[in-house]
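Here are my notes on the model, set out as numbered points. Have the structure open while you go through them.

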Amino acid sequence: MAKYIFVTGGVVSSVGKGITAASIGTLLESRHITVSVQKLDPYLNVDPGTMSPYQHGEVFVTQDGAETDLDLGNYERFIGVNLTAESNVTSGQIYSEVLAKERRGDYLGGTIQVVPHVTTEIKERFKRLAEKSQAEVIIIEVGGTVGDIEGQPFLEAIRQMRKDAGRDNVLYIHVTLLPYLSSTQELKTKPTQHSVNELRRIGIQPDIIICRSDYPIPEGIRDKISLFCDVERQAVIPLPTAPTIYEIPLLLEEAELGQLIVDKLGLKANQPDLSQWKELVERLKTPHEPVNIALVGKYVELQDAYFSVREALCHAALYHDRDINLFWVHSEDLEKDGSDALLRSAQGIIVPGGFGIRGIEGMVTAADYARKNEIPYLGLCLGMQVMVIAFARSVLGSNEPNSTELNASTPYPVIDLLPEQKTIENKGGTMRLGNYPCQVVKGTHAAAAYGQELIYERHRHRYEFNNKFRTQLAEAGLVYSGLSPDGRLVEICELANHPWMVSCQFHPEFGSRPSHPHPLFRDFVGVAKEILREGAQPSLPLSP
Ligand code: GLN
């Protein structure tokens, strides 16, 4: 039977629970213990797919097509597994299921209540993942902060698990923040004490407390938390802010968290092998020559909206022994200020995914700039649609080519809905989602990157390249380098007469791993690093 680790957060949100949960997975994996991970999100949306990136950051897509929390991306990158829809549970899913059962008559005669009906449904999801994954340990992160009203049923469900699964099979880890007071120059433990009290009030005594802090944590602070929160001293784990998230597993291992978990859960474990991870962090922390990449999007104020894109760029740069110097360019600024000033020093331009009309013209400008100035370009989903729009406009000599998402009455709908998508009215979960096969065309940049003919990539979009324009744009130099196996859908396209302008209708960023950069990102950065741009020239040795 699986054992469970529940990770809760206290004091503030964004305390790093997700990375901590993922890192715990790394520590267990490094001891050859199999793990799977689940995120519980207390909001009432069924999934984050209908939420604005400003609300939620990136929507991470699993291979089986679930639209999920971005923490799943960290789990996949840290544990090296591909997760499924079972790994993200929301209150919306739980309540929908309970209400559907009530209407079906499954609870006939009963009064439906949060305890036990909602909590039982939540616990079902834990067990379902345990059965499906067959992992020895299931790590479950409870979203939000202890004390949130909407998180209560989840906390009650995890409390019940100690009895259901047995005391030796369940571990509660609480992640808190120690704020720093500059006036007295000290870290404060009171908020941690309060949040542990809040947990205890609902019947959960944490076994381990992980203390996040921007400053080194003195031993005395550990003693104090141990005393006030009734946790063994070695179970108070300091976690100071690290320069890279990939260092967190190493910091936690150094604090002996791995062994502590093994002991507390009575797990059979090998000696940890974190050598590859150490090498990765070593390389990440070594300064390298930077490559200037401009990321042109409309949600750039919130960098979490492009979490996986940023990580994929970092993995690719590491492969080439470079650092990424990422400029966040707001696409609306490109509409105002023109492209040259904002893109002049970019060695590569990336246009990631997005929805809706705001900022589109700026993205078209960026694609046009990349084409005319022979700057490497990688378009991801919307970034491919924008590249096609920009190219069609140049070929047709008109500003009217567009996507019907952005202008329903354009005379040149180069990007359009498929006929079968036109009748769909519901917005939630109705896009083309998850893995689809793609046949890569020989002799193209895409083929050189992938080195294989049949690939599978994750999708999340409604609109597609419009085949009515295929011949005309091909004659002008657009190359269709990846197609669905039936030839009907353009999945990758690139420009002939350009060093490297490649776009895909899918999201390669979700498949990139620190030790296995995605081939398209790898080659994009590989070409970009050779481009000399303003501010990027290596310094010349000046001979007297
Ligand atoms: N808005 C576009 C579509 O729905 C692109 C989506 C995306 O970039 N993920 O097709």
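1. Let's start with the small sheet: in what order do the three strands of the open sheet come? The order is β16-β17-β20, and the pairing is mixed. On the edges sit β16 (402-403) and β20 (463-465), each of which pairs on one side only. Keep in mind throughout that this is a predicted model.

2. If you want to look at one pairing in that sheet, take β16 and β17. Strand β17 covers residues 413-417, and two bridges join β16 to β17, with the two strands running parallel. A handy pair to click on is Ser403, which stands opposite Ile415 in β17. As a reminder, strands of a sheet pair through backbone hydrogen bonds, either parallel or antiparallel.

3. There is a helix to go with this sheet. Helix α16 lies across β16, β17 and β20, and α16 runs at about 145 degrees to β17.

4. Now the ligand. Which residues are around the ligand? They are Gly353, Gly354, Phe355, Cys381, Leu382, Gln385, Glu405, Arg460, His461, Arg462, Tyr463 and His507. By class, that shell splits into four nonpolar, five polar and three charged residues.

5. For polar contacts with the ligand, I'd check three residues. Gly354 uses its backbone: an N or O atom there lies 3.0 Å from an oxygen atom of the ligand. Glu405 puts a polar side-chain atom 2.7 Å from a nitrogen atom of the ligand. In the side chain of His507, an N or O atom is 3.2 Å from a nitrogen atom of the ligand. How much of the ligand does the protein bury? Taken alone the ligand exposes 300 Å², and the protein buries 99% of that. The elements that give two or more residues to the shell are α16 (382-396) and β19 (454-461), and α16 is also the helix that lies across the three-stranded sheet from point 1.

6. On to the other sheet. Seven strands form an open sheet with parallel pairing, in the order β5-β2-β6-β1-β7-β10-β11. Its edge strands are β5 (88-90) and β11 (236-240), and each pairs on one side only. From one strand to the next, the twist averages 20 degrees.

7. At the β11 end, five bridges join β11 to strand β10 (residues 208-213), and these two run parallel. Ser213 stands opposite Pro240 in β11. Two helices that pack on this sheet are worth a look. Helix α5 (residues 114-133) touches β1 (3-9), β2 (35-41), β5 and β6 (137-142), and its direction makes about 155 degrees with that of β2. Helix α7 (residues 190-201) touches β1, β7 (170-177) and β10, and its direction makes about 145 degrees with that of β7.

8. Last, two backbone details to inspect. Where is the cis peptide bond whose omega is near 15 degrees? That bond goes from Val115 to Pro116, and Pro116 lies in helix α5, which packs on the seven-stranded sheet. The other detail is Val11, which has a positive phi of about 80 degrees although it is not a glycine. You'll find Val11 in the loop between β1 and α1 (17-29).

Notes:
Residues numbered from 1 in each chain as written. Predicted model: local features only at pLDDT ≥ 70, side-chain atom pairs only at ≥ 80, totals over all residues. Heavy atoms only, no water. Near = heavy atom within 4 Å. Polar contact = N/O pair within 3.5 Å; in protein donor to acceptor, adjacent residues only side chain to side chain. Areas by Shrake-Rupley, 256 points an atom, 1.4 Å probe, with all protein chains shown as cover. Helix = DSSP H or I, 4+ residues; strand = E, 2+ residues; numbered from the N terminus. Nonpolar A, V, L, I, M, F, W, Y, C, P; charged D, E, K, R; others polar. Pairing = 2+ DSSP bridges. Contact = heavy atoms within 4.5 Å. Axes fitted to C-alpha atoms, helices over the stretch in contact; angles between N-to-C directions.
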